[in-house]
Amino acid sequence: PFPLMYHSAVYEPFGTGMIWMFAGSPVGSGGWFSSKELWCLDIQANTWSNFTQPGGPGGRRSHVAVYAQSQGTRGTMWIHGGYYYDGSETKYSDVWSYEIAGSTWTEFTSISSMARYMHVAVFDSSTSVMWIYAGTWSSVMDLVDAYWTVPTTTTTTTGLPVNAAEALTSLETRQAQIAAALRSAASNVTGPDGVTLDETVEATSGSASLSK
């Protein structure tokens, strides 16, 4: 693959080990172009193979990916979110799984408020849950919330996994409350002298540190 930045990578403990790398922006592109290529590195053989195919998730960068091991199979890579820019912005909220053994992509619908990029995710194998935290929605407002998505093919009529739909709905409401509180607080942060802080100023008063 060409040199990339803002891509994702997961490790698959198959054979002597594989690294699966998805999407990202070419180094030097300034983030204006986002790839949708899927590559696999065989660690022992030190060889790359291109598994890109028609369909599947669109090009993106700054998304997250986790690896979920399945009993008796090679496992699944899950991706969420990300960002695409080609003159206009697209912030993704979608969830996709890539079944490694069958080389197939499957999309799982998620709520629009989960759209984000530059966030983090981990997979809990004991409960088969992918945890998603924080991230960025715009250049000035960070999201501070947690979501979880249960990898399952059993879905509701809206496309959400049955055992995650209720949790995601309640968290969507919570996120809206937190976002409103953050916006209100960010417009009224002042320093010790009473002057409203701009976007880059930090002030310290005693043991309290204020920043906007």
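In this predicted model, pLDDT stays under 50 over residues 152-167, a stretch for which the model nevertheless has 27 contacts beyond four places in sequence. Residues 199-212 form another such stretch, where pLDDT stays under 50 and the model has 27 contacts beyond four places in sequence. Across the chain the mean pLDDT is 74, and 61% of the residues reach 70 or more. Among the elements, confidence is lowest in strand S16 (residues 208-211), with a mean of 41, and highest in strand S5 (residues 47-50), at 94.

With that caution in place, the overall make-up can be described. The chain contains 1 helix and 16 strands, and of its 212 residues 41% count as buried. Of the contacts in the chain with a separation of 6 or more, 40% are accounted for by residues 24 or more positions apart. The chain exposes about 11,100 Å², and carbon and sulfur atoms supply 55% of that area.

A useful place to begin a closer look is strand S3, which is mostly covered, with 8 of its 9 residues buried. Strand S1 (residues 4-5) pairs with S3 in the antiparallel sense over 2 bridges, and the bridge partner of Met5 in S3 is Ser25. Strand S2 (residues 8-12) also pairs with S3 in the antiparallel sense, here over 5 bridges, with Ser8 standing opposite Phe22. The hairpin of S2 and S3 has 5 residues between the strands, and in this hairpin Gly15 takes a positive phi near 60 degrees. S3 pairs with S4 as well, in the antiparallel sense over 6 bridges, and Met21 stands opposite Trp39 in S4.

From the strands we can turn to the interior. In soluble globular proteins, nonpolar side chains tend to be buried together. The largest nonpolar core here has 15 residues, of which Trp20, Phe22, Leu38, Met77, Ile79, Tyr98 and Trp105 touch the most other members. Strands S3 (18-26), S4 (35-42), S6 (64-68), S7 (76-80) and S10 (95-99) each supply at least two residues of this core, and S3 gives the most to it, with 4 residues. A second, separate core has 11 residues, including Val66, Trp78, Met114 and Ile132.

Trp20 deserves a paragraph of its own. Which residues does Trp20 contact, leaving aside its neighbours within four places in sequence? The partners include Ser8, Val10, Leu38, Cys40, Phe51, Met77 and Tyr98. At 2% relative accessibility, Trp20 counts as buried, because the cut-off for that class is under 20%.

Aromatic rings add a further set of links, and the count comes to 8 aromatic pairs. The rings of Trp20 and Phe51 have their centres 4.9 Å apart and their planes at 55 degrees, so this pair is tilted. The pair links distant parts of the chain, since Trp20 is in strand S3 and Phe51 is in the loop between S5 and S6, 31 residues apart. Phe51, with a relative accessible area of 29%, is partly exposed. Trp20 and Tyr98 form another tilted aromatic pair, at 5.7 Å centre to centre and with 50 degrees between the planes. Trp20 lies in strand S3 and Tyr98 in strand S10, so the pair ties together parts that are 78 residues apart in sequence, and both residues are buried. Ring pairs link Trp20, Phe22, Phe51, Trp96, Tyr98 and Trp105 into a cluster.

Technical notes:
Residues numbered from 1 in each chain as written. Predicted model: local features only at pLDDT ≥ 70, side-chain atom pairs only at ≥ 80, totals over all residues. Heavy atoms only, no water. Core = buried A, V, L, I, M, F, W, Y, C linked by side-chain atoms within 4.5 Å. Buried < 20%, exposed > 50% of the residue type's maximum accessible area, 1.4 Å probe, protein only. Contact = heavy atoms within 4.5 Å. pLDDT = per-residue confidence, 0-100. Pairing = 2+ DSSP bridges. Areas by Shrake-Rupley, 256 points an atom, 1.4 Å probe, with all protein chains shown as cover. Phe/Tyr/Trp six-rings, centres within 6.5 Å; stacked < 30°, edge-to-face > 60°.
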